[in-house]
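Visitor: I'd like to see how the labels on a model like this are earned. Could you walk me through a few?

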Amino acid sequence: MSRTGKVERTTKESSIRVEVDLDGTGQVDVSTGVPFYDHMLTSFGAHGSLDLTIAATGDVHIDAHHTVEDTAIVLGQAIREALGDKKGIRRFGDCWIPMDETLAHAAIDVSGRPYCVQSGEPDEFNTFTIGGNYPFVLTRHVFESLSFHAQLALHVRVIHGRDPHHIAEAQYKAVARALRAATEHDPRAGGVPSTKGVL
């Protein structure tokens with residue numbers, strides 16, 4: 001059974017198309033007009049073993065914010081569509097990612113109840129822009145939008161780190177790997193992994 005999602009969304013600020021295959025092999029084609037975000041989403045797809053296509057245009061001449069956040073919204077919607085009835089998945093997943101001096105952890109429950117907790121990013125980077133195009137503070141917006149629209153409970157922690165690039169990338173990789181683990185098929189689970197019978 002194919003677990004794919006395809007969502008398109010157009011507003012006055014952006015136009016986004018996302019296709020995702022949860023059972024892919026990490027084949028990624030990403031273009032958002034925000035180079036560092038492309039780098040993060042490419043890493044997200046590759047380390048999550050998602051086949052992922054993202055084509056986004058937006059008002060990046062004003063700021064990256066609209067395009068980055070809107071892309072995360074559509075990505076979350078596509079993941080939710082791909083999950084279908086969630087039968088036979090593991091439901092829970094987590095991952096630790098060390099990246100040189102940085103250590104990040106992510107935990108996911110594919111619960112149907114959106115919630116996002118992100119902590120540990122050093123406050124001194126709140127006004128920093130990575131690569132001249134990606135404001136450091138947008139990472140939290142990405143995970144909040146992703147968790148809400150994919151209907152995930154998502155906890156992300158930066159344990160330590162001093163390089164803004166590494167801090168952002170370790171979080172994206174940790175979330176990708178946790179998502180991969182949580183959405184994988186569990187050979188011991190035949191139905192929906194909930195005592196309520198629905199997620």
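Guide: Here are some labels, each set against its definition. This is a predicted model, where local features need pLDDT of at least 70, side-chain atom pairs count only at pLDDT 80 or more, and totals for chains, interfaces and linings use all residues. Residues are numbered from 1 along each chain as its sequence is written, and side-chain values use heavy atoms, with hydrogens and water left out.

Visitor: What makes β6 a strand that is mostly covered?

Guide: Strands are DSSP runs of E with at least two residues, numbered from the N terminus, and β6 spans residues 102-109. Buried means under 20% relative accessible area (1.4 Å probe, protein chains only). In β6, 7 of its 8 residues are buried, so "mostly covered" fits.

Visitor: How do you know that β6 pairs with β5 and with β10?

Guide: Two strands pair if DSSP finds at least two bridges between them. There are 8 bridges between β5 and β6 and 7 between β6 and β10, so both pairs qualify. Both pairings run antiparallel. Asp-109 is the bridge partner of Phe-92 and stands opposite Ala-153 in β10.

Visitor: Which residues are in contact with Ile-108?

Guide: Contact means heavy atoms within 4.5 Å. Leaving aside neighbours within four places in sequence, the contacts of Ile-108 include Phe-92, Ala-153 and Val-175.

Visitor: How is the span of helix α2 judged?

Guide: The expected span is 1.5 Å times one less than the number of residues. Helix α2 has 19 residues and reaches 27 Å from its first C-alpha to its last, close to the expected 27 Å. Gly-84, which follows α2, has a positive phi near 60°.

Key: Buried means under 20% relative accessible area, exposed over 50%, partly exposed in between (1.4 Å probe, protein chains only). Helices (H or I, at least four residues) and strands (E, at least two) are DSSP runs, numbered from the N terminus.
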